[in-house]
Amino acid sequence: MATLKAVRGTRDLLPPETALWNRIEAIARSVFARYNFGEIRTPVFEDTSLFARGVGEETDIVSKEMYTWEDRARAQSEKPQSLTLRPENTAGVVRAYIEHKLGETGQLQKLYYIGPQFRRERPQKGRYRQFWQIGAEVIGPPSAGSESPLRDAEVLEMLAKLLKELRISGWTLELNSVGSAADRARYNEVLRAALEPVAPKMCADCQRRAVTNPLRVLDCKVPEDQPIIETLPKIADCLDEDSKKHFAAVTAALDAAGVPYHLNPRLVRGLDYYTRTTFEFTHGGLGAQNALLGGGRYDGLSESIGGPKAPGIGFAIGLDRLVLTLQAQDQTVLDTIYVDTPCAAYIAPLGEAQNASALALASDLRKRELRVEVGDGTFRLKKSFEIANKLASRIVILGEDEEKSGILTVKNFVTGVQSKVPREELAAVLKKPAAELEG
Ligand code: HAM
């Protein structure tokens, strides 16, 4: 029988790497809490129309990459429902905002999420079909200040802080404004006109988009099309006074906060809901898939899926890529913040008769917050030492004598010292760093 493997583009995460993931998630949660964000968990699948209307039919994500199926109806009278594994989480968060009438609180909602997303992309390093995002959204009625450029600056400043706490340096913040819906409509027309004479020389996708959604031409990755794309008009030339003022306020706040950025007029992002500020943090260590995270403002998203006016801004970090970036960094950095603590002790019962008391001893130590492993009385002492040496800094030997006297034999692998330790002092001894001599 052929052996079964994880599906192409998906993967298993195993210890000790999962300890690194958990640590990153804990740091993110701690930073989000300080900026007054609360966690939201939305379903992994949603009605397909949420993404078609929210993210946009013409985007690569919706037109090519979604995992969609017709969910069988329960009753014959019902029509099957088209469902889709979420390719991203912003549309789901905004759906939840509308469904739970969060706008009626009159307050700004600051929500973060950590979870898997699904896109049928060609798998390669840093690009998977199931990948993880850590994201956050700030959304609310305009009266709560949701349109303020201060919100954009706060989100970007928080990202710089988070990356600093994660010890990730060497990133570039690519920043642009794609203007209001009206600016974009105007830009689309300018682009459509500019594309008319050149589109026939471009790829099939671009020829189609030149008519249906010219902005998406800027996402084209086909190398032969790039010289043509370079000559196209820039969106900055189509921004109205309000959009220009908004963007100037964002950059001024970033300057004041000391967050460096690089203005990139071609950054339009691959989702249709963006308005005004858009951004990506790239990292040189990532290779071809160099976007560590992406985000921006989406002032019309709520209305496009049937909700009230609820401007918002947010981002999503590619967690898989964050881990790759960290793993490519200096090992000493990793060791200082991310090292998974080894077991404080391996408890070796000398015979099967000591198995029960070994388990009781382990349970007692674990109650005192110690990480310990327990062996098996059928193992020979040599084998116990070999196992212990690999996973713990000490071995605690529990034979008949030790059981009776309550005095345990402890060998410290770091110092090489073997000593006798009364059972009631064992936890205190094991809590000391192994490099410290113990009597
Ligand atoms: P996005 O740019 O499509 O934006 O994805 C955000 C990040 O997710 C990317 O920068 C990348 O790090 C990671 N990512 C995307 N696709 C993959 C993949 N196939 N494999 C591994 N990592 C991937 C969004 O998803 C928006 N919802 C972000 C946002 C939130 N905008 C406003 N609020």
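## A tour from the ligand outward

Select the ligand and Gly318 to start: an oxygen atom of the ligand lies 3.3 Å from a polar backbone atom of Gly318. That pair is a polar contact, meaning N or O atoms within 3.5 Å; within protein, one atom must be able to donate a hydrogen and the other to accept it, and residues adjacent in sequence count only if both atoms are side-chain atoms. On its own the ligand exposes 660 Å², and the protein buries 96% of that. Those areas are Shrake-Rupley values with a 1.4 Å probe, and for residues only the protein chains shown count as cover.

Before you click on: this is a predicted model, where local features need pLDDT of at least 70 and side-chain atom pairs count only at pLDDT 80 or more, while totals for chains, interfaces and linings use all residues. Residues are numbered from 1 along each chain as its sequence is written, and side-chain values use heavy atoms, with hydrogens and water left out.

**Stop 1: the shell around the ligand**

Now show everything near the ligand, that is, residues with a heavy atom within 4 Å of it. You should get 27 residues, of which Glu88, Glu121, Tyr128, Glu137 and Tyr274 come nearest. Pick Glu88: an N or O atom of its side chain is 2.6 Å from a nitrogen atom of the ligand. Then pick Tyr274, where a side-chain N or O atom is also 2.6 Å from a ligand nitrogen.

Colour the shell by residue class and you'll see 12 nonpolar, 8 polar and 7 charged residues. Here Ala, Val, Leu, Ile, Met, Phe, Trp, Tyr, Cys and Pro count as nonpolar, Asp, Glu, Lys and Arg as charged, and the others, Gly among them, as polar.

Which strands each supply at least two residues of this shell? They are β6 (130–139), β10 (291–297) and β11 (312–318), and β10 gives the most, with 6 residues. Strands (E, at least two residues) and helices (H or I, at least four) are DSSP runs, numbered from the N terminus.

**Stop 2: the open sheet**

Switch to cartoon. 8 strands form an open sheet of mixed pairing, in the order β1-β5-β6-β11-β10-β9-β7-β8. At the edges sit β1 (38–39) and β8 (262–263), each pairing on one side only. Two strands pair if DSSP finds at least two bridges between them.

Select β9 (residues 275–283) next. It runs antiparallel to β10, with 6 bridges joining them; zoom in on Thr275, whose bridge partner in β10 is Arg297, and on Thr278, which stands opposite Gly296. Toward β7 (residues 171–177) there are 7 bridges, again antiparallel, and Glu174 stands opposite Glu280 in β9.

Is β9 buried or exposed? 9 of its 9 residues are buried, so the strand is largely enclosed by the rest of the structure. Buried means under 20% relative accessible area, exposed over 50%, and partly exposed in between (1.4 Å probe, protein chains only).

Stay in the sheet and jump to Ile313 in β11, buried at 0% relative accessibility. Its C-alpha lies 8.6 Å from that of Glu147, although the two are 166 residues apart in sequence.

**Stop 3: helix α11**

Take residues 319–327 next. Helix α11 is mostly covered, with 7 of its 9 residues buried. Among them are Leu319, Asp320 and Arg321.

**Stop 4: strand β12 and its neighbours**

Go to residues 345–349. 5 of the 5 residues of β12 are buried, so this strand too is largely enclosed by the rest of the structure. Turn on side chains: Ala345, Ile347 and Pro349 point one way, Tyr346 and Ala348 the other. In a regular strand the side chains alternate between the two faces of the sheet.

β12 pairs in parallel with β13 (residues 372–374) over 3 bridges, and Ala345 stands opposite Val372. Trace the chain from β12 through helix α13 (residues 355–367) to β13 and you have a right-handed β-α-β crossover: with the strands pointing away from you, the path from the first strand over the helix to the second runs clockwise. β12 also runs parallel to β14 (residues 394–398), joined by 4 bridges, with Ile347 opposite Val396.

**Last stop: a loop**

Finish at Asp219, in the loop between α7 (204–212) and α8 (226–230). Asp219 is buried, at 17% relative accessible area, and a polar contact of 2.5 Å joins its side chain to that of Arg216.
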